[in-house]
Amino acid sequence: MVLGLLEEKIHNLSDLDEPNKELQIIDEVIEAINREFDLSALRSPNQEVLEKIKSRIHFLVGKSYRQYGLYPPFQDHSKLSDEIARRILGLGFLDLFLPPARTDLSEITIYSTGLVQVMLKGNVRWETVNLQVEVSEVWRIITLLLGGQSKALNEATPSVNARLPATTSNPGGGRIKVLHPVIAPGNGYPSINIRLYEQKPVRPSWLLERGLMPSEMMEFLGSAVRDGQRILITGGTRTG
């Protein structure tokens with residue numbers, strides 16, 4: 001029955017151009033997977049169920065392509081299947097920047113214009129990422145991140161602070177700041193900044209090895225901590 005509904009909708013949309021066909025494939029496959037699997041299985045799948053869901057997504061994407069008369073290279077088929085899996089099982093496009101996909105980033109930002117930028121660890125300059133994300137997908141990710149913390153971004157609460165939950169691949173988690181378009185006007189996108197924490201505690205030796213402070217300063221701070229003194233750190237963003 002699920003496949004029948006999928007085939008019917010694909011047939012009705014067969015006159016769309018290729019980019020729009022791919023968007024429709026994404027929507028239709030997500031709908032089909034949501035019909036086939038229980039919500040609990042999609043939210044917390046074990047390894048066996050996870051592989052089953054991914055296999056099913058791959059199959060449905062291939063079937064949809066054929067219904068449209070499209071025969072893309074295998075890597076494009078796999079890329080679209082992976083994108084759909086991220087949307088259903090993870091944090092969508094954000095999974096491209098989070099561990100284990102990447103472990104070299106300290107910050108991720110999506111601006112109200114839709115621009116995506118990242119900052120590499122140890123750097124102070126942003127790098128632009130050539131990635132076009134739909135407004136609806138950004139809102140979906142925000143809802144997913146905030147919903148589990150009993151928070152919501154809306155006109156009544158246009159600025160929200162939240163946390164990026166720790167996972168096995170990202171035990172450090174992170175800090176999230178989101179702004180509603182009502183106070184961050186642009187192209188309708190909510191603005192998101194994610195600052196990722198280190199995956200393990202930062203020890204004095206780590207700071208010294210990277211030249212982030214001289215040994216004399218480290219000794220002074222250590223002495224202040226041991227003596228129970230108050231320490232004030234002040235300055236611009238990233239001073240801490």
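A residue counts as buried when its relative accessible area is under 20%, as exposed when that area is over 50%, and as partly exposed in between. Keep these cut-offs at hand for the tour of this predicted model.

**Stop 1: Arg87 and Glu137**

Select Arg87. Its relative accessible area is 13%, so Arg87 is buried. Now add Glu137, which is buried because its relative accessibility is 4%. The two residues form a salt bridge, and their closest N and O atoms are 3.9 Å apart. Arg87 belongs to helix α5 and Glu137 to helix α6, so this pair ties together parts that are 50 residues apart in sequence.

Which residues are linked with this pair in a network of salt bridges? Extend the selection to Glu83, Arg86, Glu134 and Arg140, which are linked with Arg87 and Glu137 in that network.

**Stop 2: helix α6**

Select residues 135-147, which make up helix α6. The helix has 13 residues and reaches 18 Å from its first C-alpha to its last, close to the 18 Å expected at 1.5 Å a residue. Colour Glu137, Val138, Ile141, Ile142, Leu145 and Leu146, the buried residues of α6. Look down the axis of α6: its buried residues fall within an arc of 160 degrees, so they line one face of the helix. In general, an α-helix has 3.6 residues a turn, so residues three or four places apart point the same way.

What covers the buried residues of α6? The cover includes helix α5 (74-89) and the strands β1 (105-110), β4 (159-164), β5 (174-179) and β6 (191-196).

**Stop 3: helix α5**

Move to α5 itself. Its 16 residues should span 22 Å at 1.5 Å a residue, and its end C-alpha atoms are 22 Å apart, which agrees. Among the buried residues of α5 are His77, Leu80, Ile84, Ala85 and Ile88. Glu83, Arg86 and Arg87, already selected for the network, are also buried in α5.

**Stop 4: other salt bridges**

The whole structure holds 12 salt bridges. For another one, select Arg56 and Glu36, whose closest N and O atoms are 2.9 Å apart. Arg56 lies in helix α4 (residues 47-68) and Glu36 in helix α2 (residues 18-36), so the pair ties together parts that are 20 residues apart in sequence. Arg56 is partly exposed, with a relative accessibility of 23%, and so is Glu36, at 30%.

Then select Glu209 and Arg210, a salt bridge with the closest N and O atoms 3.7 Å apart. Glu209 is exposed, with a relative accessible area of 64%. Arg210 is partly exposed, at 45% relative accessibility.

**Stop 5: two backbone details**

Most residues other than glycine have a negative phi, and most peptide bonds are trans. Select Pro99 and Pro100: a cis peptide bond joins them, with omega about 5 degrees. Pro100 is in the loop between α5 and β1.

Next, select Ser150, in the loop between α6 and β4. Ser150 is not a glycine, yet its phi is positive, about 55 degrees. With a relative accessible area of 73%, Ser150 is exposed.

**Stop 6: a surface patch**

Finish with Val225, Ile231 and Ile233. Together they form a nonpolar patch on the surface, with about 300 Å² of accessible area. Ile231 sits in the segment after α8 (215-226). Is Ile231 partly exposed or buried? Ile231 counts as partly exposed, because its relative accessibility is 41%.

Note on methods:
Residues are numbered from 1 along each chain as its sequence is written. This is a predicted model: local features need pLDDT of at least 70, side-chain atom pairs count only at pLDDT 80 or more; totals for chains, interfaces and linings use all residues. Side-chain values use heavy atoms; hydrogens and water are left out. Patches are made of residues with over 30% relative accessible area and no salt bridge: like charges are joined within 9 Å, nonpolar side chains (Val, Leu, Ile, Met, Phe, Trp, Tyr) within 5 Å. Accessible areas come from the Shrake-Rupley method with a 1.4 Å probe; for residues, only the protein chains shown count as cover. A salt bridge is a side-chain nitrogen of Lys or Arg within 4 Å of a carboxyl oxygen of Asp or Glu. Helices (H or I, at least four residues) and strands (E, at least two) are DSSP runs, numbered from the N terminus. Buried means under 20% relative accessible area, exposed over 50%, partly exposed in between (1.4 Å probe, protein chains only). The expected span of a helix is 1.5 Å times one less than its number of residues. The arc is that of the directions from the helix axis to the C-beta atoms. Contact means heavy atoms within 4.5 Å.
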